[in-house]
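Thanks for coming, everyone. Please take a look at the structure on the screen, and I will walk you through it.

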Amino acid sequence: MGNGMIALVVAVVGVAGTLLAPILSQRLLARIQGQQFKRQQQAAHAGWLREQEKTALAERRTCYVMTNAAFRRFRIQLMDYLWHLNRGTADTEARAELAAARDAHNAAFAEAQMVASAAVLTHLDDMVTALHAAYVKIVYLERGDPRADGSPEDIDRELRELGDRSHEMRSVMRADMGIDSPSAVPGQQSL
């Protein structure tokens with residue numbers, strides 16, 4: 001090969017390189033931008049998922065607070081109404097307070113059924129069943145037709161035991177939200 005041929009090949013390669021460089025650069029830039037866009041989309045999606053998790057946790061927390069408060073209020077109203085029955089002072093106002101507590105309890109439980117985890121629902125179902133049973137016993141007691149295990153003392157004991165069981169329910173709720181459950185204080189009773 002002569003010098004003329006080498007010069008021609010070098011010139012062709014140089015011109016081809018000059019012509020192809022923008023095309024190759026553009027393709028490489030497009031690929032890099034595509035990868036950056038994909039990473040941005042993944043980061044945005046991860047941020048959206050984190051926000052969804054935070055929102056769901058906040059919703060569950062609010063629901064659990066309201067449910068816990070409604071359960072406590074209903075149990076306390078049952079105890080109060082039982083006290084009024086024993087004293088013979090159960091009147092329309094006491095019945096209305098009990099009915100309002102029961103309605104709030106039912107509404108909070110209905111919301112919890114849509115938000116709570118299966119583990120929490122198991123405990124809530126047990127508590128609802130026990131509170132409803134105590135309510136029914138109080139109704140029969142008020143009508144003068146108490147059940148075999150429906151004496152005022154029996155009902156009061158059941159309601160106090162439900163207070164102790166509420167600690168376990170609360171611990172399950174806290175665990176469901178990722179909060180360490182506080183250690184139970186021996187002999188602690190709630191109202």
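In which helix does Met 114 lie? Met 114 belongs to helix 2, which covers residues 92–115. Before I go on, one caution: this is a predicted model. Every value I quote is computed from it.

Let's stay with Met 114. Is Met 114 buried or exposed? Met 114 is exposed, because its relative accessible area is 70%, and the cut-off for exposed is over 50%. Now look across to Arg 60. Arg 60 and Met 114 are 54 residues apart along the chain. In space, their C-alpha atoms are separated by 9.7 Å.

Now helix 2 as a whole. Helix 2 has 24 residues. From first C-alpha to last, helix 2 reaches 35 Å. The expected figure, at 1.5 Å a residue, is 34 Å, so the two are close. Which residues of helix 2 are buried? They are Ala 94, Leu 98, Ala 101, His 105, Ala 108, Phe 109, Ala 112 and Val 115. Look at the spacing of those numbers while you recall one general point. An α-helix has 3.6 residues a turn, so residues three or four places apart point the same way. And what do the buried residues of helix 2 pack against? They pack against helix 1 and against helix 3, residues 118–143.

Next, helix 1. Helix 1 runs over residues 3–87. Leu 8 is found there. Leu 8 is exposed, with a relative accessible area of 51%. Leu 8 also takes part in a surface patch. Which residues make that patch? Met 5, Leu 8 and Val 12 make it. The patch is nonpolar and covers about 290 Å².

Further along helix 1 comes Ala 56. Ala 56 is partly exposed, at 34% relative accessible area. Compare its position with Val 172. The two are 116 residues apart along the chain, and their C-alpha atoms are separated by 17 Å.

On to the aromatics. How many aromatic pairs does a search of the whole structure find? One. The partners are Phe 74 and Tyr 135, with ring centres 6.2 Å apart. Their planes sit at 45 degrees, so the pair is tilted. Phe 74 lies in helix 1 and Tyr 135 in helix 3, so the pair ties together parts that are 61 residues apart in sequence. Both Phe 74 and Tyr 135 are buried.

Now the charges. Side chains of opposite charge can pair when their charged atoms come close. How many salt bridges are there? The count comes to eight. I will show you three of them.

Start in helix 1. Glu 51 forms a salt bridge with Lys 54, and the closest N and O atoms are 3.6 Å apart. These two are three residues apart in helix 1, so about one helical turn separates them. Glu 51 is partly exposed, at 42% relative accessibility. Lys 54 is exposed, at 55%.

Second, Asp 145 and Arg 147. They form a salt bridge too, with the closest N and O atoms 3.9 Å apart. Asp 145 is partly exposed, at 40% relative accessibility. Arg 147 is partly exposed as well, at 34%.

Third, go to helix 4. Asp 156 forms a salt bridge with Arg 160. The closest N and O atoms here are 3.1 Å apart. Asp 156 and Arg 160 are four residues apart in helix 4, so about one helical turn separates them. Asp 156 counts as partly exposed, at 25% relative accessibility. Arg 160 is partly exposed, at 38%. There is also a network: salt bridges that share partners join Lys 137, Asp 149 and Glu 158.

One last stop: Ser 151. Where is the place of Ser 151? Ser 151 sits in the loop between helix 3 and helix 4, and helix 4 covers residues 152–176. Ser 151 is partly exposed, because its relative accessible area is 24%, while buried means under 20%. Ser 151 and Leu 141 are 10 residues apart in sequence. Their C-alpha atoms are 7.4 Å apart in space.

That's the tour. Questions, please.

Definitions and conventions: Residues are numbered from 1 along each chain as its sequence is written. This is a predicted model: local features need pLDDT of at least 70, side-chain atom pairs count only at pLDDT 80 or more; totals for chains, interfaces and linings use all residues. Side-chain values use heavy atoms; hydrogens and water are left out. Patches are made of residues with over 30% relative accessible area and no salt bridge: like charges are joined within 9 Å, nonpolar side chains (Val, Leu, Ile, Met, Phe, Trp, Tyr) within 5 Å. Accessible areas come from the Shrake-Rupley method with a 1.4 Å probe; for residues, only the protein chains shown count as cover. A salt bridge is a side-chain nitrogen of Lys or Arg within 4 Å of a carboxyl oxygen of Asp or Glu. Buried means under 20% relative accessible area, exposed over 50%, partly exposed in between (1.4 Å probe, protein chains only). Contact means heavy atoms within 4.5 Å. Rings of Phe, Tyr and Trp (its six-membered ring) pair if their centres lie within 6.5 Å; planes under 30 degrees apart count as stacked, over 60 as edge-to-face and the rest as tilted.
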